[in-house]
Amino acid sequence: MNAWREASPTARLLLVAVLFTGLTTFMFLPLLAIELTAQGIPAGRTGFLVGLLAFSGQAFSLLTGLLVDRFGAHRVMAAGFLLRVLGYVLLGLGGAGAAAPLVAGIVAVGIGGSLLGLSTKTLLVSQEGADPRTMLALRSTFVNVGVVAGPALGAAVYPLGFGWILAACVLSHLVLGTCLVLRRSLTASRSGAAVGRATTPAAGGAPAAPWTLRQWLPLCGLGVAYWAIYSQLNVLLPITAKAMTGSAAAISVVFTANGLLVVLFQYTLLRHVFRRAAARTLLVLGFLAFACAYATLIPLAGWYSLLAFVVPVTLAEMLIGPSLDEQAVSAAATRRTGLALGTMSAAGALGSLFGSSAGGYLLQSARDGSEVWLLLVGSSLAAAAICLLLPKVRTRHV
């Protein structure tokens, strides 16, 4: 992979950190509810704690962006590693009889994840000698390796005890955090400059003037729309997949195929196939792919519909997610990259909340399943039209 060879040593270390922290995180996340229930915690409280973890990771996106711009991405990243290590330790100490460490641990893991995710993303798009699209594509690929392999690895380790999974999380974050902090210290001592403060990446080519509020509103609206539509994979699709196929494992097939396709084709798609396409064009194509994906579910044709759904929905994910961040980076004012990425994360949190709530209500109120998918097709087409309101900014490639 040319981009890996061309990337700076710091960028490579950041990507390795993304890979291994993602791997251990997805060992931990799918089993959290099972472990809490096994400890005797009631289902209602378990649901609240799992929701608290997601909320803690999403609610502080804007604040995290401001912190990145104010104190520098390296310092925020170090704080994220520290918080996550502390959170995993507290989770190991908590349980049904020790609610305070449990809640504190979950909040620390969530906030630490927000600090880590945004700071590493900011550092990657700010690397000298690489354009944001390449770095975002590589990051997405490495994240999805963890999404695919993490749950399987967690299931293999879980019989030994949940403590071993927490230990793996602590060890990975401690080692990688220490390596990145040392790398930062060595680089700073050699250059004598404060590397790592969030700036607009030279390779990505920010516009001469930052976007106005009128230009930002459609982009934020698209961020909300993307996550509202994408969240149906976690709300509507599992229920529909089981109803169409009669198998509770059907949704696992979808997620596994989705993750593998992203790992195999994300980088190639953005780096080579759509190398010179504007981010706005990729967003239009992505939302059109969403429309095609949900249209395949209208006939409710069992496994045929479900398998036909996988390819276009994965294409939409590969095109839209990185392109929203790329567009935000291009629109950001100088030293406001963190805030720009934090704004998109906050839009995603709002979209996920709205989509999850609306999805369940639609499924209850619709007279037949096809109405829901028709509405999602229409929403995807409307979002594709809104993309045309964005300025057409091309990424300058190195």
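Helix H5 (residues 73-93) and helix H6 (residues 99-125) have axes that come within 7 Å and cross at roughly 155°. That angle makes H5 roughly antiparallel to H6, because angles over 145 degrees are counted that way. The crossing of H5 past H6 is left-handed. Sorted by class, the residues in this contact are 20 nonpolar, 9 polar and 1 charged. The model described here is a predicted one.

One residue of H5 can be picked out. Val89 lies in helix H5. With a relative accessible area of 40%, Val89 is partly exposed, because the class of partly exposed residues sits between the limits of 20% for buried and 50% for exposed. Val89 and Leu102 are 13 residues apart in sequence, and their C-alpha atoms are 9.7 Å apart in space.

Helix H6 also packs with another helix. Helix H2 (residues 9-38) and H6 have axes 11 Å apart and pack at an angle of about 155°. H2 and H6 are therefore roughly antiparallel to each other. H2 passes H6 in a left-handed crossing.

The next step is to look at charged side chains. Side chains of opposite charge can pair when their charged atoms come close. The structure holds 2 salt bridges. In one of them, the side chains of Lys121 and Asp325 meet, with 2.9 Å from N to O. Lys121 belongs to helix H6 and Asp325 to helix H13 (residues 303-331), so this pair ties together parts that are 204 residues apart in sequence. Are these two residues buried or exposed? Lys121 has a relative accessibility of 10% and so counts as buried. Asp325, at 11% relative accessibility, counts as buried too. The reason is the cut-off, because buried means under 20% relative accessible area.

Another salt bridge joins the side chains of Arg133 and Glu326, with 2.8 Å from N to O. This pair links distant parts of the chain: Arg133 is in helix H7 (residues 132-157), Glu326 is in helix H13, and their positions lie 193 residues apart in the count along the sequence. Arg133 has a relative accessibility of 2% and therefore counts as buried. Glu326 is buried as well, with a relative accessible area of 3%.

The helices that hold Arg133 and Glu326 also pack with each other. The axes of H7 and H13 are 10 Å apart, and the packing angle is about 135°. H7 and H13 are therefore oblique to each other. The reason is that an angle has to be over 145 degrees to count as roughly antiparallel, and 65 to 115 degrees to count as roughly perpendicular. The crossing of H7 and H13 is right-handed, whereas H5 passes H6 in a left-handed crossing.

The last helix to visit is H11. Where does helix H11 (residues 250-273) bend? The bend is at Phe265 and amounts to about 50°. Many residues of H11 can be followed along its length as buried positions, among them Ala250, Ile251, Val254 and Asn258. Gly259 and Val262 are buried too. Further along, the buried residues of H11 include Gln266, Tyr267, Leu269, Leu270 and Arg271.

Notes
Residues are numbered from 1 along each chain as its sequence is written. This is a predicted model: local features need pLDDT of at least 70, side-chain atom pairs count only at pLDDT 80 or more; totals for chains, interfaces and linings use all residues. Side-chain values use heavy atoms; hydrogens and water are left out. Axes are lines fitted to C-alpha atoms, for helices over the stretch in contact, and angles run from 0 to 180 degrees between N-to-C directions. Helices (H or I, at least four residues) and strands (E, at least two) are DSSP runs, numbered from the N terminus. Angles under 35 degrees count as roughly parallel, over 145 as roughly antiparallel, 65 to 115 as roughly perpendicular and the rest as oblique. A crossing is left-handed if the near helix is turned anticlockwise from the far one by less than a right angle, and right-handed if clockwise. Ala, Val, Leu, Ile, Met, Phe, Trp, Tyr, Cys and Pro count as nonpolar, Asp, Glu, Lys and Arg as charged, and the others, Gly among them, as polar. The bend at a residue is the angle between axes fitted to the seven residues ending there and the seven starting there. Buried means under 20% relative accessible area, exposed over 50%, partly exposed in between (1.4 Å probe, protein chains only). A salt bridge is a side-chain nitrogen of Lys or Arg within 4 Å of a carboxyl oxygen of Asp or Glu.
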